[in-house]
Amino acid sequence: MESLTQDAVLLLDPVKTGANYKPAVRERGLAIVSVYTVEPTELHERWPTHADGDDATLYASQTADVLAKLAEQPYRIRGVVPAMESAVHLAEEVAERLGLPGNGTRLARARRDKAEMRRVTQAAGVRVPEHHVVHSLDEVAAAAEKIGFPAILKPTTGAGSHGVTLLPNARAARHLEDQERRDLFGWEVTEWLVERYVRGREIAVNCFSFGGQHRVVDMWEYRRPDDADYDLPYWGSVQLDRDDPDWRPVAEFIETVLDSLEIRSGPSHTEVKFAADGVYLIETGARLPGGPITDQWTQNSDIRPFHDALDFYVDDGAVPRLLQDAPVFHAVCGASAICNEERPGTLVAIRGLEAVNALPGVDKMLVTYQPGDHVPVTRNTKTIPLGVWVSGATRDDVIRTLDEIRRTAAIELAGQLES
């Protein structure tokens, strides 16, 4: 093996939002070694330029393989970063083997596998929905009958609502012909959770932790237009005000969750439901949140999400900035998702894009499909036709903009009748 000649950061699955770690590492004066664990066909089809910016590009999904390939590289690894949800467990294993900062491997699986997450947190006194684990879709109906309806079905290691299905009744639990058999990262699903559907306010909480101390950066509420049950929460979201009556009990709940999962260092993104009988854990990811949030932090606060996160993964002896001082927001942030909720079809146009872009407070638009593309019914983050990032002086300003976006934008598919 060549002598180690340069310090580097190991990025695991730096695609999609996680690709933003690359310029942050480069600005730190470190080399970029990237490991991609996503299923190869999925990786090359969705992110054909994934290796751009890498000093070394490796493909592996097991700890031993990653370590063996690193041993062939002339880099001193200074930090291991899970750049996407897919690599949280692997990052902990590699970091521990290399003696680098992390949260350890004792509960690493519980920070990725939702079934294990529920077992560990429930044992620590955290409220989780009643649930059963199944290993075949043929077992779903019986498990849902035991839980009661409505129920929710989800892969234990999924992400982005991919494969999450609302089961309103027994018939839905028996007819799962269209259920996704592969997760968001292309790997075959072999285990699912069937759990009670919790009705209540859904809130996402973003934290940074260091030395076992936790700082809540912000909270986002997922908002629906009515009280209907749902399996896709990405309709419209907006930051909570810190004087919201639910802020304090949720923040206290989150500290217990993070402690129970031994998340002592780094970013985390936790989703909860605040029901009539209290707060329930839905899931925790020991990594940065996704695109709308990190983009809005960059534009509307003094947080540099990927640069700041590196402070937790690369140990230079200093307390990270975000644990020393609370972040400063210059605006309230939000996001809108315009989904195809009716039927699949060929896109004619997304109407109203220019008008949406001209609305006050619109920071960014993300258009997924072009005319002529097949547009499936939106079931996950991968199939949202239009995303709009929003900010405003107050929460009410953001909500008004989100409402106006929904009135203005419309998806037209071939064969639809004009209203």
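This section describes two strand arrangements, one helix, one cavity and one pocket in a predicted model.

Strand β6, which spans residues 151-155, is mostly covered, with five of its five residues classed as buried. In a regular strand, side chains point alternately to the two faces of the sheet. In β6 neither face is left uncovered: Ala151, Leu153 and Pro155 are buried on one side, and Ile152 and Lys154 are buried on the other. Lys154 is thus listed among the buried residues of the strand together with Ile152, with which it shares a face.

Strand β6 pairs with two other strands. With β7 (residues 165-167) the pairing is antiparallel and extends over three bridges; within it, Thr165 of β7 is the bridge partner of Leu153. With β8 (residues 192-196) the pairing is likewise antiparallel, and five bridges join the strands. In this second pairing, Trp192 of β8 stands opposite Pro155. Leu153 and Pro155, which have partners in β7 and β8 respectively, lie on one side of β6, together with Ala151.

A further antiparallel pair is formed by β12 and β13, which are joined by seven bridges. The two strands make a hairpin, with two residues between them. Within the pair, Val272 has Leu281 of β13 as its bridge partner. Strand β13 is mostly covered, as eight of its eight residues are buried.

Both strands of this hairpin also contribute to the surroundings of helix α8: the elements covering its buried residues include β12 (266-275) and β13 (278-285), along with α5 (114-123), β9 (201-210) and β10 (213-223). Helix α8 comprises 14 residues, numbered 247-260, and extends 20 Å from its first C-alpha to its last, close to the 20 Å expected at 1.5 Å a residue. Its buried positions are Trp247, Val250, Ala251, Phe253, Ile254, Val257, Leu258 and Ser260. Just after the helix, Glu262 adopts a positive phi of about 55°.

The search for enclosed space returned one cavity of 30 Å³ or more. The largest cavity holds about 90 Å³ of space. Its lining consists of Val80, Pro82, Val88, Ala91, Glu92, Ala95, Pro101, Gly102, Asn103, Ser265, Ala286 and Tyr313. Two elements, β4 (75-82) and α4 (88-98), each give two or more residues to this lining, and α4 supplies the largest share, with four residues. By class, the lining of the largest cavity comprises eight nonpolar residues, three polar residues and one charged residue. The charged member is Glu92, and the polar members are Gly102, Asn103 and Ser265.

Among the open spaces, the second largest pocket contains about 620 Å³. Of the 22 residues lining this pocket, Ser61, Ser86, His89, Arg112 and Thr157 are the closest to its centre. Helix α4 again appears in the lining, where it gives the most, namely three residues. The lining of the second largest pocket divides into six nonpolar, nine polar and seven charged residues. Helix α4 is therefore, by number of residues and under the DSSP assignment of elements, the main contributor to the linings of both the largest cavity and the second largest pocket.

Conventions
Residues are numbered from 1 along each chain as its sequence is written. This is a predicted model: local features need pLDDT of at least 70, side-chain atom pairs count only at pLDDT 80 or more; totals for chains, interfaces and linings use all residues. Side-chain values use heavy atoms; hydrogens and water are left out. Buried means under 20% relative accessible area, exposed over 50%, partly exposed in between (1.4 Å probe, protein chains only). Two strands pair if DSSP finds at least two bridges between them. The expected span of a helix is 1.5 Å times one less than its number of residues. Contact means heavy atoms within 4.5 Å. On a 1 Å grid over the protein atoms alone, a cavity is a set of points where a 1.4 Å probe fits but cannot get out, and a pocket is an open set with protein on both sides within 12 Å along at least five of seven lines; lining residues have an atom within 4 Å of a point. Grid points are joined across faces, edges and corners, and a volume is the space filled by probe spheres set on the points.
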